[in-house]
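Visitor: I would like to learn how to read a model like this one, feature by feature. Where should we begin?

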Amino acid sequence: MYKLISLALAVLCMVSFPLSVFAKETMHDEDIYERRMELYKQAEAVSLIPWYYFAAIDQYERNIRLVRRDLPKAKGVLGIYIKPEIWSGPLNKNQNDTNPFTISQFGGFGMDGNGDGVADSTNDEDIIFSMARFLQSYGTDHEHLKMALWQYYHRSKTVDMILGKVKIYKKYGTLRLDTHAFPLPLHANYTYKDTWGDARGWGGRRIHEGTDIFADYGVPVRSTCYGIVELKGWNQYGGWRVGIRDINNTYHYFAHLNGFAGSLHQGQIVEPGMIIGAVGSSGYGPPGTAGKFPPHLHYGMYKDNGYAEWSFDPYPHLKIWERMEKIKRKQRDRK
Ligand SMILES: [Zn+2]
């Protein structure tokens, strides 16, 4: 358990760093987003596959890379990492091969995208071009791209996460979807403290994987992020609960709800501040059980590393989002 906690702490430190720490230090965030979009559009132009598929794959991989120590840091602005044996070809004795001809002879993934005669696995243009050609070999429509993703990752959760991002990027048409909101309206009466990791008795020995925000029945519960509703329904611990997957592979979990927002459904795209349900006390029993504890929102955050998912402490994030919203509100009031 302690291993898990220290792992989660390490991850938290990593995810809280600003984007610029991991990307080219000389570039500003705005330039990085612009350059990425340029690369996705280039890939679209050569493959006829919409740019948001490339954006989704890249965003998934970037976030995997941020939480994994076994993967090297990206040299360019893209997050996609292709293993040497895949890039050069599984039977290629030269795992650092950059010759497009010999790579293709060995069935490698790597190609020359920028016309310099070299297939460089750390070059953004070569990476995105190689990915475009790989996907294109399956087809350019959604169903075939889904198959290509399955062939590439062999993990349905990964494919689902990427397809979720495809939907989100397609809807908003921008890469800048990092804003967050506090889960309850700031004008509501609520209290919360850091209880992550505390013991929980009901249903055997468990640790508390989240923050409890105490408020009255019926106080609106809002999405904390841009994301997609991955799950909605009953769970014996969480009662009526909603799970939202954001564009950083993070899963946001809202439990003990009184009920859901009328139209809320699985696969729906949500944005920060959108009402998804209301505070309640459901859970700790079969469907419909309520009132076994005071009404509160249980809010949890989980991170995926491409193999597994684990819980980390949402409290510091809640504090930041709450403060950011207060600042924004003040700025608005002054105008
Ligand atoms: Zn809780």
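**Reading the chain, part by part**

Guide: Begin with the division into domains. This is a predicted model, and the domain assignment of the chain gives domain 1 (2-82 + 121-172) and domain 2 (190-334).

Visitor: How many residues of domain 1 are in contact with domain 2, and which elements supply them?

Guide: One lists the residues on each side of the boundary, then asks which elements they belong to. Here 19 residues of domain 1 are in contact with 16 residues of domain 2. On the domain 1 side, helix 1 (2-16), helix 4 and helix 9 each give two or more residues. Helix 9 has the largest share of that side, with seven residues.

Visitor: What does UniProt list within residues 207-305?

Guide: An unreviewed UniProt entry lists residues 207-305 as "domain: M23ase beta-sheet core". A label of this kind can be set beside the secondary structure of the model. Over residues 207-305 the chain is 0% helix and 54% strand, and the end C-alpha atoms of this stretch are 21 Å apart.

Visitor: How many helices and strands does the chain have, and how compact is it?

Guide: The chain has 10 helices and 12 strands. Its radius of gyration is 22 Å, close to the 20 Å that the globule rule gives for 335 residues, so the chain is as compact as a globular protein of that length. The C-alpha trace spans about 70 × 50 × 35 Å along its principal axes. Two further figures describe the packing. Of the 335 residues, 41% count as buried. Among contacts with a separation of 6 or more, 57% are between residues 24 or more positions apart.

Visitor: What span should helix 9 have, and what do its end C-alpha atoms give?

Guide: The check is to set the end-to-end distance against the expected rise per residue. At 1.5 Å a residue, the 17 residues of helix 9 (residues 156-172) should span 24 Å, and the end C-alpha atoms are 25 Å apart, which agrees.

Visitor: Which residues of helix 9 are buried, and what do they pack against?

Guide: The buried residues are T158, V159, M161, I162, G164, K165, V166, I168 and Y169. They pack against helix 4, helix 8 (142-153), strand 6 (227-235), strand 7 (239-246), strand 9 (269-270) and strand 11 (296-304). After helix 9 comes G173, with a positive phi near 65°.

Visitor: Where around the axis of helix 3 do the buried residues lie?

Guide: First the length: helix 3 (residues 29-47) has 19 residues and reaches 27 Å from first C-alpha to last, close to the 27 Å expected at 1.5 Å a residue. The buried residues of helix 3 are R36, L39, Y40, A43 and S47. They cover an arc of only 95° around the axis, which puts them on the same side of helix 3. On the other side, E30 and A45 are exposed. The cover over the buried residues includes helix 4 (51-67) and helix 7 (124-136).

Visitor: Which residue follows helix 3, and what is its phi?

Guide: L48 follows helix 3. The sign of phi is worth a look in residues other than glycine, and L48 is such a case, with a positive phi near 65°. L48 is in the loop between helix 3 and helix 4, and it counts as exposed because it has 11 C-beta neighbours inside 10 Å.

Visitor: Is Y284 buried, exposed or partly exposed, and where does it lie?

Guide: Y284 lies in the loop between strand 10 (275-279) and strand 11. With 17 other C-beta atoms within 10 Å, Y284 is partly exposed. Its phi is positive, about 65°, although Y284 is not a glycine.

Visitor: Is the loop residue A119 buried or exposed, and what does it touch?

Guide: A place in a loop and burial are separate questions, to be read one at a time. A119 is in the loop between helix 6 (100-105) and helix 7. A119 is buried, because 27 other C-beta atoms lie within 10 Å. Not counting residues up to four places away in sequence, A119 touches T98, P100, I103, G110, M111, D112 and D126.

Visitor: Which loop holds Y237, and how does its neighbour count read?

Guide: Y237 is in the loop between strand 6 and strand 7. With 16 C-beta neighbours inside 10 Å, Y237 counts as partly exposed.

Methods:
Residues numbered from 1 in each chain as written. Predicted model: local features only at pLDDT ≥ 70, side-chain atom pairs only at ≥ 80, totals over all residues. Helix = DSSP H or I, 4+ residues; strand = E, 2+ residues; numbered from the N terminus. Expected span 1.5 Å × (residues − 1). Buried ≥ 20, exposed ≤ 12 C-beta atoms within 10 Å, placed from the backbone. Arc of directions from axis to C-beta. Contact = placed C-beta atoms within 7 Å. UniProt positions renumbered as here; feature names shortened; annotations may be inferred. Rg over C-alpha atoms; globule rule 2.2 N^0.38 Å. Domains from an automatic or database assignment.
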